[in-house]
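Here are a few notes to read alongside the model. I have kept them short, and they start with confidence before turning to the fold.

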Amino acid sequence: MKKLNRLVLGATILVTLTGCGSGKKNQTVESTQSSATVNITLKEDHKEIDSKEVSVKDEAVLYDVLKDNYDIEDTKGFITSIDGHKQDEKENKYWMYTINGKQAEKGVQETNVSDGDNIEFDLSKLD
């Protein structure tokens, strides 16, 4: 009987330590990942249609941030629709974006975001 009690006690301790150990491992991984907050504004014809502040991993790819927070469609990496607001080639109307007031020089799949970035997407006619 004593032998059975020791086995049960040993198994209980093992399960407890294993559970605690794996939790600490996850906490360490999470604490090494820095987070960022970015502001995303959607406009159509220069009028705001949506705005939100989102938490992301620092240096996250903008395409992934959009995909995680909006219903998007793209063609070969170019955004063609955000939340049902679609570009219109016949009208020469396309999605363009700025980061911190500067026109983007790269596509969304090549752009990383940083804490405090203000990102603005505007669906409007090209000049």
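1. This is a predicted model, so confidence comes first. The chain has a mean pLDDT of 82, with 74% of its residues at 70 or more. Among its elements, strand 5 (residues 85–86) has the highest mean pLDDT, 97, and helix 1 (residues 2–32) has the lowest, 43.

2. Please treat the N-terminal stretch with care. Over residues 7–31 pLDDT stays under 50, and the model shows zero contacts beyond four places in sequence for these residues.

3. Now to the sheet. Five strands form an open sheet in the order 2-1-8-6-7, and the pairing is mixed. Strand 2 and strand 7 (102–103) are at the edges with a single partner strand each, so one side of each has no neighbour in the sheet.

4. A closer look at one edge: strand 7 pairs with strand 6 in the antiparallel sense, over two bridges. Here Gln 103 of strand 7 stands opposite Thr 98.

5. Helix 2 lies across strand 1, strand 2, strand 6 and strand 8, and runs at about 110 degrees to strand 2.

6. Which residues of the largest nonpolar core touch the most other members? They are Ile 40, Leu 62, Ile 119 and Phe 121, out of 23 residues in that core. The elements giving two or more residues to this core are strand 1 (35–44), strand 2 (47–57), helix 2 (62–69), strand 4 (78–82), strand 6 (93–99) and strand 8 (118–125).

7. Ile 119 is a good residue to click on. Leaving aside residues up to four places away in sequence, Ile 119 touches Val 38, Asn 39, Ile 40, Thr 41, Leu 62, Tyr 97, Thr 98, Ile 99 and Val 113.

Key:
Residues numbered from 1 in each chain as written. Predicted model: local features only at pLDDT ≥ 70, side-chain atom pairs only at ≥ 80, totals over all residues. Heavy atoms only, no water. Core = buried A, V, L, I, M, F, W, Y, C linked by side-chain atoms within 4.5 Å. Buried < 20%, exposed > 50% of the residue type's maximum accessible area, 1.4 Å probe, protein only. Helix = DSSP H or I, 4+ residues; strand = E, 2+ residues; numbered from the N terminus. Contact = heavy atoms within 4.5 Å. pLDDT = per-residue confidence, 0-100. Pairing = 2+ DSSP bridges. Axes fitted to C-alpha atoms, helices over the stretch in contact; angles between N-to-C directions.
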